Amino acid sequence: MSTHDVVLFAKAIADSTRQQIMKLCCCEWVSVTEITEKMKVSQPTVSHHLAILREAGLVDVRSEGRQTFYTLNQNHIAVCCGQLMVRFAPDEASTEAVKQTLS
């Protein structure tokens, strides 16, 4: 994973609206309509934030007819968190813990 990916990840999770969307998408497939209703925000706002999460690889997308569903890409989140650890906490113990987690 490149440095750019880690920066993109950090920027994507820095926004509280995107954090709420990520919580809603955790462990289940959720439609844009469901996200909009649960968050009480406009569909264009949700779509904007989902595009940022997609670009960062933090959500997976599935289409069914006219509906689009999203779920959290937990594996990518784990890898990005590991890369942040390696980059900013490069001591031997931290690096070894990340390597064990990713193995």
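**Figure 1. D15 caps the N-terminal end of helix 2.** In this close-up, a side-chain oxygen of D15 lies 2.9 Å from the backbone nitrogen of T17. The cap is a polar contact (N or O atoms within 3.5 Å, one able to donate a hydrogen and the other to accept it; residues adjacent in sequence count only if both atoms are side-chain atoms). This is a predicted model, in which local features need pLDDT of at least 70 and side-chain atom pairs count only at pLDDT 80 or more, while totals for chains, interfaces and linings use all residues. Residues are numbered from 1 along each chain as its sequence is written, and side-chain values use heavy atoms, with hydrogens and water left out.

**Figure 2. The buried face of helix 2.** Helix 2 covers residues 16-25; helices (H or I, at least four residues) and strands (E, at least two) are DSSP runs numbered from the N terminus. Which residues of helix 2 are buried? They are R18, I21, M22 and C25, where buried means under 20% relative accessible area and exposed over 50%, with partly exposed in between (1.4 Å probe, protein chains only). Seen down the axis of helix 2, these buried residues fall within an arc of 100°, so they line one face of the helix. The arc is taken over the directions from the helix axis to the C-beta atoms.

**Figure 3. C27, after helix 2.** Here the view moves to the loop between helix 2 and strand 1, where C27 is found. Its phi is near 70°, a positive value in a residue other than glycine. Is C27 buried or exposed? With a relative accessible area of 62%, C27 is exposed.

**Figure 4. V30 and S31 in strand 1.** Strand 1 spans residues 30-31, and both of the residues shown here are buried. V30 has a relative accessible area of 1%, and S31 has 3%. Leaving aside neighbours within four places in sequence, V30 is in contact (heavy atoms within 4.5 Å) with L24, C25, I35, T68, F69 and Y70. If you would like to follow one of these partners, take T68: its C-alpha atom is separated from that of V30 by 8.2 Å, although the two residues are 38 apart along the chain. S31, with residues up to four places away in sequence not counted, touches Q67, T68 and F69.

**Figure 5. The two sides of helix 3.** Helix 3 has V32, I35, T36 and M39 as its buried residues. Seen down the axis of helix 3, they fall within an arc of 100°, so they line one face of the helix. What do these buried residues pack against? Their partners are helix 2, strand 1, helix 4 and strand 3 (67-72). Turned away from the buried side, the other face of helix 3 carries the exposed residues E37 and K38.

**Figure 6. Helix 3 against helix 4.** Helix 3 (residues 32-39) and helix 4 (residues 43-55) pack at an angle of about 115°, with their axes 9 Å apart. The axes are lines fitted to C-alpha atoms, for helices over the stretch in contact, and angles run from 0 to 180 degrees between N-to-C directions. Helix 3 contributes V32, I35 and T36 to the contact, and helix 4 contributes Q43, V46, S47 and L50. By class, this contact has four nonpolar, three polar and no charged residues. Ala, Val, Leu, Ile, Met, Phe, Trp, Tyr, Cys and Pro count as nonpolar, Asp, Glu, Lys and Arg as charged, and the others, Gly among them, as polar.

**Figure 7. T36 and K40, at helix 3 and just after it.** T36, in helix 3, is buried, with a relative accessible area of 17%. Neighbours within four places in sequence aside, T36 is in contact with V41, S42, Q43 and V46. K40 sits in the loop between helix 3 and helix 4 and is exposed, with a relative accessible area of 73%. The phi of K40 is near 55°, a positive value in a residue other than glycine.

**Figure 8. The whole chain, for orientation.** To place the close-ups, note that the chain has six helices and three strands. From the N terminus on, its elements run α-α-β-α-α-β-β-α-α. Of the 103 residues, 32% count as buried. Among contacts with a separation of 6 or more, 52% come from residues 24 or more positions apart.
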